[in-house]
Amino acid sequence: MEKSAFRCVECNKNALELHRDYSNGILKITICDSCQKPVDKYIEYDPVIILIDAILCKTQTFRHILFNTSLNIHWKLCVFCLLCEAYLRWSVLQQGSEQSSDPADIIRYTKEWDFYGMFGLAALELMAFCGGVFCFLWLSVGLLGARPQPLDPQQLLRALLLSCYGKVLVIPAVIWEHDYSPLCLGLIKLFVLTSNSQAIRVVLNSSRRLSVMAVIAGLLSETCMELVFQKLPHFLPNMLIFW
């Protein structure tokens, strides 16, 4: 990572270094010139503590992860989250199907293409969500001048994908199914959206209102995409009859 990319986790000012390496392996954390606090206190923290603070959606933790680390697993995490989302939808879809104890039928059952269809649908909805967020921020930041600094699409996309890590929680919610599963899934969705909002706020250094509105715009775009695919199976036969 380039030195110019470092940020103070407290005041978001640029920093040249996170720590200074002296002889005999002695490290000294750099003090921010602006706020007179350590530039990044999390470099001394255990990863478990960092994870807990990330779950709590602390601004300092998000700045540490997004600006002061070389964490480039966002695409792998994106694919894994899409697999979790696809498994959730596929399991709901298979609940109404008839079960059979025939081994041959079990082999056919595992080769169904419904799961891949759900994966594709989840990917399209994620694209719609990110597209809605980008369009809203482009209008508000780029055209309306809501923020003087330019928008970095690559950094924002990385932040959005990393902040979707909460989707992995749908797996235990489906495996240990109980009467409160819909409530758990709703809370997981709310947590993911909250993380998305915090990530946008940190990357843009903007107000909470702007980040929440961007997430709402992305959610509306995602909902529209979902409604389109729900209506598509009923719309296509009518189109074929018309033609």
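How far is the sulfur of Cys 81 from the closest cysteine sulfur, and in which residue does that closest sulfur lie? Select Cys 81 and Cys 84 and display the two sulfur atoms: they are 6.0 Å apart, too far for a bond. A disulfide needs a pair of cysteine sulfur atoms within 2.5 Å, and by this rule the count comes to zero disulfides. Note while working through the stops below that this is a predicted model.

**Stop 1: the cysteines**

Stay on Cys 81 and turn on the surface. Cys 81 counts as buried, at 3% relative accessibility. Move next to Cys 184, which counts as partly exposed, at 28% relative accessibility.

**Stop 2: the whole chain**

Zoom out and colour by secondary structure. The protein chain has nine helices and two strands. Along the sequence the pattern reads β-β-α-α-α-α-α-α-α-α-α, with the strands ahead of the helices. Buried residues account for 38% of the 243 residues. The chain exposes about 15,300 Å², and 66% of that is supplied by carbon and sulfur atoms. Of the contacts between residues at least 6 apart in sequence, 66% join residues at least 24 apart.

**Stop 3: helix H1**

Select residues 47–55, which form helix H1. At the start of H1, show the side chain of Asp 46: one of its oxygens reaches to within 3.0 Å of the backbone nitrogen of Val 48.

Now show Ile 50, Asp 53 and Ala 54, the buried residues of H1. Why do these three lie on the same side of the helix? They cover an arc of only 105 degrees around the axis, and this puts them on the same side of H1. Add H2 to the view, since the buried residues of H1 pack against H2.

**Stop 4: the loop from H1 to H2**

Select Cys 57, in the loop between H1 and H2. Its phi is positive, about 60 degrees, although Cys 57 is not a glycine. Is Cys 57 buried or exposed? Cys 57 is buried, with a relative accessible area of 14%.

For a second residue with positive phi, jump to Asn 205, in the loop between H8 and H9. The phi of Asn 205 is near 55 degrees, and this residue is likewise other than glycine. Asn 205 counts as partly exposed, at 43% relative accessibility.

**Stop 5: His 64 in helix H2**

Return to helix H2, residues 59–67, and select His 64. This histidine is buried, with a relative accessible area of 7%. Which residues does His 64 touch, not counting those up to four places away in sequence? Display Val 9, Asp 40, Tyr 42, Ile 43, Ile 50 and Thr 69. One of these, Ile 50, was shown at the H1 stop as a buried residue of that helix.

**Stop 6: Leu 82 in helix H3**

Select Leu 82, found in helix H3. Leu 82 is buried, with a relative accessible area of 8%. Leaving aside neighbours within four places in sequence, Leu 82 is in contact with Phe 119, Ala 122, Ala 123 and Leu 126. A distance label can be drawn from the C-alpha of Leu 82 to the C-alpha of Glu 125: the two residues are 43 apart in sequence and 10.0 Å apart in space.

**Stop 7: the largest nonpolar core**

Which residues touch the most other members of the largest nonpolar core? Select Leu 126, Phe 129, Val 133, Leu 137, Leu 160 and Ile 200, which do so among its 42 residues. To see where the core draws its residues from, colour H2, H3, H5, H6, H7, H8 and H9, each of which supplies at least two. A separate core has six residues, among them Phe 6, Cys 8, Leu 18 and Cys 32.

Within the largest core, centre the view on Phe 129. Apart from residues up to four places away in sequence, Phe 129 touches Leu 160, Leu 193, Asn 196, Val 215, Gly 218, Leu 219 and Glu 222.

**Stop 8: helix H6**

Leu 160 leads to the last selection, helix H6. How many of the 10 residues of H6 are buried? Seven are, and H6 is mostly covered. To display them, select Gln 155, Leu 156, Arg 158, Ala 159, Leu 160, Leu 161 and Leu 162.

Definitions and conventions:
Residues numbered from 1 in each chain as written. Predicted model: local features only at pLDDT ≥ 70, side-chain atom pairs only at ≥ 80, totals over all residues. Heavy atoms only, no water. Buried < 20%, exposed > 50% of the residue type's maximum accessible area, 1.4 Å probe, protein only. Helix = DSSP H or I, 4+ residues; strand = E, 2+ residues; numbered from the N terminus. Contact = heavy atoms within 4.5 Å. Core = buried A, V, L, I, M, F, W, Y, C linked by side-chain atoms within 4.5 Å. Areas by Shrake-Rupley, 256 points an atom, 1.4 Å probe, with all protein chains shown as cover. Arc of directions from axis to C-beta. Polar contact = N/O pair within 3.5 Å; in protein donor to acceptor, adjacent residues only side chain to side chain.
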